[in-house]
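Student: I should like to learn how the descriptive terms used for a protein model are justified. May we work through one example together?

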Amino acid sequence: NSEQWHQNFAHVFQCPNTLRHEKTLQELLAVRVTGKRVLDIGCGYGGSSLDLLAQQASYVRGIDISERFIASAKNFAQPQRVDFELHDISQPIAGKYDVIFGRSILHHLDYQEVLSRLYNDNLNPNGIMIFMEPLGSNLLLRAYWQIAKNAHTPDERPFMRQDLNWLAHQFNQFTLIPINYFSLLLGIVSSKLLSRPDNLMMRICDTLDTELAKLSYLQPNYRQAIFVINK
């Protein structure tokens with residue numbers, strides 16, 4: 001159901017501002033994972049873990065709560081380089097890592113307990129945690145989460161303004177990189193009116209969204225964000 005919504009409004013997810021931040025995410029990881037030990041939370045079939053390994057991580061441990069995903073991911077395991085484990089991240093995990101990464105994972109969890117534990121117990125000094133998560137303060141997004149309940153699991157809860165405030169107060173070196181403000185609304189319009197997501201309207205949205213992202217009070221109203229937590 002979620003995928004169907006994405007297809008209906010594809011320009012939101014394929015527009016210049018979204019692609020810009022996909023590149024930003026990959027650049028953040030590429031700079032930090034080289035020669036490092038990485039924990040990949042919610043690794044699914046293992047593709048993200050293999051991408052991290054390709055970015056020259058010294059070791060990647062991929063974990064997921066899905067037995068089916070992990071059974072498939074284990075086909076790609078490489079001794080002492082990348083392995084996969086069935087694990088619920090709401091439970092403690094062994095080991096120390098230089099980089100902890102996850103995508104659309106925290107909003108399924110008691111994120112405050114999980115992040116605090118990962119930071120204190122699993123992240124090496126000078127390490128970094130990088131996550132990409134949905135936001136929910138925008139009125140349009142609030143309507144979407146109510147209308148499209150069949151596109152979400154019952155445990156999902158997007159990050160609201162108060163959640164972002166908690167992150168900023170809990171972690172001294174927390175950075176928020178917001179994605180899609182005007183690109184959200186006009187991406188919906190563009191999906192229905194225009195054939196290409198890389199159109200003039202969406203390029204203007206990208207410029208505006210990039211500039212407005214500097215305004216901290218506006219950041220919670222974006223569609224999603226990259227969270228960066230340095231130790």
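Tutor: Certainly. Please keep in mind that this is a predicted model. Let us begin with a pocket: helix α7 gives the most to the lining of the largest pocket, namely six residues.

Student: Which other elements supply at least two residues of that lining?

Tutor: Besides α7 (139-147), they are α1 (2-8), α2 (10-14), α3 (16-33), β5 and α9 (182-193). The lining has 29 residues in total, and S2, H6, F13, Y144 and R223 lie nearest the centre of the pocket. The volume of this pocket is about 970 Å³.

Student: What makes a residue such as F13 or R223 part of the lining?

Tutor: A lining residue must have an atom within 4 Å of a grid point of the pocket. F13 and R223 are both among the lining residues, so each of them meets that cut-off.

Student: How do the lining residues of the largest pocket divide by class?

Tutor: There are 16 nonpolar, eight polar and five charged residues. For the second largest pocket, the lining has seven nonpolar, five polar and three charged residues. That second pocket holds about 300 Å³ of space, and among its 15 lining residues G42, D64, I65, S66 and I105 lie nearest the centre.

Student: Why is G187 called buried?

Tutor: The relative accessibility of G187 is 0%, and buried means under 20%; therefore G187 counts as buried. This residue is in helix α9.

Student: With which residues is G187 in contact, leaving aside its neighbours within four places in sequence?

Tutor: The contacts of G187 are H11, V12, F182 and M202.

Student: Why is the pair of Y111 and F159 called tilted?

Tutor: The ring centres of Y111 and F159 are 4.8 Å apart, and rings pair if their centres lie within 6.5 Å. Their planes stand at 55°, whereas stacked requires under 30 degrees and edge-to-face over 60. The angle fits neither of those classes, so the pair is tilted.

Student: What makes this pair a tie between separate parts of the chain?

Tutor: Y111 belongs to helix α6 and F159 to the loop between α7 and α8, so the pair ties together parts that are 48 residues apart in sequence. Both Y111 and F159 are buried. The structure holds ten aromatic pairs, and ring pairs link Y111, Y119, F159, W166, F171, F174 and F227 into a cluster.

Student: Which residues of α6 are buried, and against which elements do they pack?

Tutor: In α6, the buried residues are Y111, V114, L115, S116, R117, L118 and N122. They pack against β1, β4, β5, α8 and β7.

Student: Which residues touch the most other members of the largest nonpolar core?

Tutor: That core has 31 residues, and I41, I100, L115, L118, L167 and F227 touch the most other members. Helix α6 gives the most to this core, with four residues. Another core, of 21 residues, lies apart from it, and V33, V38, V82 and I179 are among its members.

Student: How do you know that I100 is in contact with L118?

Tutor: Contact means heavy atoms within 4.5 Å. I100 is in contact with L118, so the two residues have heavy atoms within that cut-off. Leaving aside neighbours within four places in sequence, the contacts of I100 also include L39, I41, N122 and F131.

Conventions
Residues numbered from 1 in each chain as written. Predicted model: local features only at pLDDT ≥ 70, side-chain atom pairs only at ≥ 80, totals over all residues. Heavy atoms only, no water. Core = buried A, V, L, I, M, F, W, Y, C linked by side-chain atoms within 4.5 Å. Buried < 20%, exposed > 50% of the residue type's maximum accessible area, 1.4 Å probe, protein only. 1 Å grid on protein atoms, 1.4 Å probe; cavity = no way out; pocket = protein on both sides within 12 Å on 5 of 7 lines; lining within 4 Å. Points joined across faces, edges and corners; volume = space filled by probe spheres on them. Nonpolar A, V, L, I, M, F, W, Y, C, P; charged D, E, K, R; others polar. Phe/Tyr/Trp six-rings, centres within 6.5 Å; stacked < 30°, edge-to-face > 60°.
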